[in-house]
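Student: I am new to this structure and would like to look closely at one part of it. Please choose a place to begin, and then lead me from there to the parts around it.

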Amino acid sequence: MAGRIMQVLFPLLTVMLAVKSAPIQTPRKTYNMDKLVRVHPTSLEQVVALEKLQNHPSMKLDFWKVPHLNTSVDIHVPIHVYNDVTKHLSRVGLHPSLLINDLQSVIDQEQASMEIPDYVINSFGVMSISGLKPRNSDIVGKYARHSEIDSWLINIADQYPTLAKVESIGSSHEGRDMKLIRIGKNNEARTKPIIWIEAGIHAREWVAPATAIYTIHKLLTEYGINPVVTQLMDEFDWLILPSANPDGYEYSHTMDRLWRKTRSRQSGRCTGVDPNRNFDISFGGAGTSTNPCSDIYPGTSAFSESETRNIRDALLSERARIKLFLSFHAYSQLILTPYGYTSIKPSDNQELMRVAEAGVASLKTIHGEMYTAGTPPDLLYAASGGSYDWAKSVAGIQYAYTYEMRPAEASFGQSGFILSESEIIPNAEEVWASLVTIATEIQY
Ligand code: 0X9
Ligand code: ZN
């Protein structure tokens, strides 16, 4: 009898225990019917009203640009506050245009375009493994996952042992490896000037890591074939960190496509710090928020994040040789010159602008895309604690730029951060052209 009872109870207990110990799965964040709207403030009163709205505690609006006089600002408005927001805006004479009616459908479209089937059904109705290569064998032109980037870096460095070496600069908060690739003829000698590229510090700006990957691939596969590549690899060592915020990047793939920050735990049940506000340059100044839930929260102190500490330490250990520092972001099509944290211009502003303008000109020759060169306070908004400002002001690297890549702006039906995979290569090709010019123009 007891055996019979156990026979019945045991499976039940197992199920109950399994249910109890199963990790609580947070569902992926969705944006059904959320709107992306654009407003164009033309008075200070309107800018102030927008700033108030941005800091509104319960509305939780995600401003994709910071409000600035006579500049368009795109705002992601959750559906449940849409009516309230339009009312608030119309009170100060702002009438938003609707760029995207259903943000989730744009995210879904992007996801669908990225999916590769594991099998195909052939004409006999039989499933067979498709002839497609596993994704991690070729991630150029793809929005790859962090682990795919990791193994791809190792593989490509193995293929070009005399030209490339992969090293870790440390771990992210959740323990992911941050891999840096050193590329260049005789890079082991550690004597040449360095071009440093950091990409993906903002999780949702997927085109940035993808462009770094294209650049790595271009340098390695065209050495000895393309004279321009050959010369730039003979003259410089390229140190490229394609995934500078691995936890945030993964989270943007698996849980929330619009995640921007790191994934460290903050007070008030909030997560993440804006790593591009976390460097020790005018920390907590312009363009930051004291609200830990904000997307521009700089953290409790400069370098509170493992990711920014790792970047700082790697940069400092090579500072003497780094002649050009680049930070890859999206979107707006800009080459940002220093400084981002203040309207005061560096003493070599003219030279920095000359080189950036030359970059813009060559970029345009590839696909006709127009970029603008200038400082964030002049073109966007002031923002302190950014990596390129720190690289210039503290690490003493003369040429420091931030790229804001495609698209130029969020357009009707297409979001700014959500860019079709088919634009990765054209974007990377034009950025490459500007890199060649900038690397050629800098004086060191
Ligand atoms: O706000 C930022 O960090 C950058 N724009 S983004 O849309 N990619 O988030 C601009 C960074 C410019 N750099 C600094 N202001 N330091
Ligand atoms: Zn960014």
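Tutor: Let us begin at ligand 1, where a backbone N or O atom of Ala383 lies 3.1 Å from a nitrogen atom of the ligand. Please keep in mind throughout that this is a predicted model. Side chains take part in the contacts as well: a polar side-chain atom of Tyr381 is placed 2.5 Å from an oxygen atom of ligand 1, while Glu404 brings a polar side-chain atom to 2.7 Å from a nitrogen atom of ligand 1. Taken alone, the ligand would expose 420 Å², and the protein buries 98% of that.

If you now widen the view to the whole shell, you will find 16 residues around ligand 1, of which Glu205, Arg260, Arg277, Tyr381 and Glu404 come nearest. Sorted by class, this shell is made up of six nonpolar, five polar and five charged residues. Strand β11 and helix α12 each contribute at least two residues to the shell around ligand 1, and we shall meet both of these elements again.

Glu205, one of the residues that come nearest to ligand 1, leads us directly to the zinc ion (ligand 2). The protein donors of this ion are ND1 of His202, two OE entries of Glu205 and ND1 of His329, and they lie 2.0 to 2.3 Å from the zinc ion. Along the sequence, the donor residues are spaced H-x2-E-x123-H. Glu205 and His329 thereby link distant parts of the chain, for Glu205 sits in the loop between β9 (194–199) and α6 (207–222), whereas His329 belongs to strand β11 (residues 322–330), 124 residues apart. Both Glu205 and His329 are buried.

Just past His329, the chain has some backbone features that deserve a slow look. The peptide bond from Ala330 to Tyr331 is cis, with omega near 5°, and Tyr331 is found in the loop between β11 and β12. Gln333 is placed in that loop between β11 and β12 too, and its phi is near 60°, a positive value in a residue other than glycine. Gln333 has a relative accessibility of 3% and therefore counts as buried, the limit being under 20%. Further along, the peptide bond from Pro338 to Tyr339 is also cis, with omega near 0°, and Tyr339 lies in the loop between β12 and α10.

The loop that holds Tyr339, between β12 and α10, also gives us a way back to helix α12, through a salt bridge. Side chains of opposite charge can pair when their charged atoms come close. Here Lys392 pairs with Asp348, and their closest N and O atoms are 2.9 Å apart. Lys392 is in helix α12 (residues 387–393) and Asp348 in the loop between β12 (334–336) and α10 (349–367), so this pair ties together parts that are 44 residues apart in sequence. Lys392 is buried, at a relative accessible area of 11%, and Asp348 is buried as well, at 15%.

Helix α10 carries a salt bridge partner of its own, Arg354, whose side chain meets that of Glu441 at 2.6 Å, N to O. Since Glu441 lies in helix α13 (residues 424–441) and Arg354 in helix α10, the pair ties together parts that are 87 residues apart in sequence. Here the surroundings are more open by the numbers, for Glu441 is partly exposed with a relative accessible area of 29% and Arg354 is partly exposed with 32%.

One more pair lies just before strand β11: the side chains of Glu318 and Arg321 form a salt bridge of 3.2 Å, N to O. Glu318 counts as buried at 8% relative accessibility, and so does Arg321 at 12%. These two residues belong to a network of salt bridges that also includes Lys165, Glu167, Arg182, Arg190, Lys192 and Asp237. In the whole model the count of salt bridges comes to 28.

To retrace the path, we went from ligand 1 and its contacts, among them the one with Tyr381, through Glu205 and His329 at the zinc ion, along the loop between β11 and β12 that holds Tyr331, and on to salt bridges such as that between Lys392 and Asp348.

Note on methods: Residues numbered from 1 in each chain as written. Chains lettered and ligands numbered in written order. Predicted model: local features only at pLDDT ≥ 70, side-chain atom pairs only at ≥ 80, totals over all residues. Heavy atoms only, no water. Donors = N, O, S within 2.8 Å, 3.2 Å for Na, K, Ca; no water. Helix = DSSP H or I, 4+ residues; strand = E, 2+ residues; numbered from the N terminus. Buried < 20%, exposed > 50% of the residue type's maximum accessible area, 1.4 Å probe, protein only. Salt bridge = Lys/Arg side-chain N within 4 Å of Asp/Glu carboxyl O. Near = heavy atom within 4 Å. Polar contact = N/O pair within 3.5 Å; in protein donor to acceptor, adjacent residues only side chain to side chain. Areas by Shrake-Rupley, 256 points an atom, 1.4 Å probe, with all protein chains shown as cover. Nonpolar A, V, L, I, M, F, W, Y, C, P; charged D, E, K, R; others polar.
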